[in-house]
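Colleague: I am new to reading models like this one. Could you pick one part, look at it closely, and tell me how its surroundings fit together?

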Amino acid sequence: MPNTYNYPAEIERDEDGRYVVTFPDFGWGATDGATLEEALGEARDLLRELMATTMRESKRLPEPSRGDEQRDVVVPPVAIALKAALYATFREAGMSQRRLARELDVAESEVRRMLNPDHATKAATIDRALRRLGKRVTVTVGEAA
């Protein structure tokens, strides 16, 4: 299970001079931009969608490969990173949604919403669920790219 959801991106210029961004760890999806800055902004949106789609399809999120000087590492929006952490931890635990709901003393529908990448869930709610599953959230703040 990943402990980070920052994924390296491959960036290439196409025949029109646009920057095309892909995420090799996912094996599908691409976006582009007229400038590198625009392409990286679009890449963040693409990464969110790649993660959300993987979760919607009940598939395993890929382990992020290591970035290097050839690849930029893209940090997903915080909300989807938290959802992904809960999703991956829940899958790893092999627990039913009903059981997690009992453990958290909430309705099963609330657990479904927590695991739904398209439903807004408070960070504190996800943190509580992760703690119940034996994990904790840590925050790292770095320099803006």
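Modeller: Happy to! A helix here is a DSSP run of H or I with at least four residues, and helices are numbered from the N terminus. Please keep in mind that this is a predicted model. With that in hand, let us start from T54, which is found in helix α1, residues 36-56. Is T54 buried or exposed? Its relative accessible area is 6%, and because buried means under 20%, T54 counts as buried. What does T54 touch, once its neighbours within four places in sequence are left aside? The contacts are F26, K59, R60, L61 and Y87. Two directions open up from here: the sheet beside α1, and the helix that carries Y87.

Let us take the sheet to begin with. Helix α1 lies across β1, β2, β3 and β4, and runs at about 160° to β3. Those four strands form an open sheet in the order β3-β2-β1-β4, with antiparallel pairing. At its edges are β3 and β4 (72-74), each of which pairs on one side only. From one strand to the next, the twist averages 35°.

Now zoom in on the β3 edge. Strands β2 and β3 pair in the antiparallel sense over four bridges, and V21 stands opposite T31 in β3. In a regular strand, side chains alternate between the two faces of the sheet. Strand β3, residues 30-33, has T31 and G33 on a covered face, while A30 and D32 are on an uncovered one. G33 also leads us to a loop: its C-alpha atom is separated by 9.4 Å from that of G17, although the two residues are 16 apart along the chain. G17 itself lies in the loop between β1 (7-13) and β2 (19-22). With 22% relative accessibility, G17 counts as partly exposed.

Next, back to Y87, one of the contacts of T54. Y87 of α2 also takes part in the contact with α4, so it is a good place to turn to helix packing. Two packed helices are described by the angle between their axes and the distance between the axes. For α2 and helix α4 (residues 108-115), the angle is about 120° and the axes are 9 Å apart. The two helices are therefore oblique to each other. On the α2 side the contact is made by K83, L86, Y87 and F90, and on the α4 side by R113, M114 and L115. Sorted by class, five of these residues are nonpolar, none are polar and two are charged.

Helix α2, residues 78-93, has another partner in helix α5, residues 123-132: their axes come within 10 Å and cross at roughly 20°. This angle makes α2 roughly parallel to α5. Their crossing is left-handed. Here L82, K83, A85, L86 and T89 of α2 meet A123, I126, A129 and L130 of α5. This contact divides into seven nonpolar residues, one polar and one charged.

Notes. Residues are numbered from 1 along each chain as its sequence is written. This is a predicted model: local features need pLDDT of at least 70, side-chain atom pairs count only at pLDDT 80 or more; totals for chains, interfaces and linings use all residues. Side-chain values use heavy atoms; hydrogens and water are left out. Axes are lines fitted to C-alpha atoms, for helices over the stretch in contact, and angles run from 0 to 180 degrees between N-to-C directions. Angles under 35 degrees count as roughly parallel, over 145 as roughly antiparallel, 65 to 115 as roughly perpendicular and the rest as oblique. A crossing is left-handed if the near helix is turned anticlockwise from the far one by less than a right angle, and right-handed if clockwise. Contact means heavy atoms within 4.5 Å. Ala, Val, Leu, Ile, Met, Phe, Trp, Tyr, Cys and Pro count as nonpolar, Asp, Glu, Lys and Arg as charged, and the others, Gly among them, as polar. Buried means under 20% relative accessible area, exposed over 50%, partly exposed in between (1.4 Å probe, protein chains only). Two strands pair if DSSP finds at least two bridges between them.
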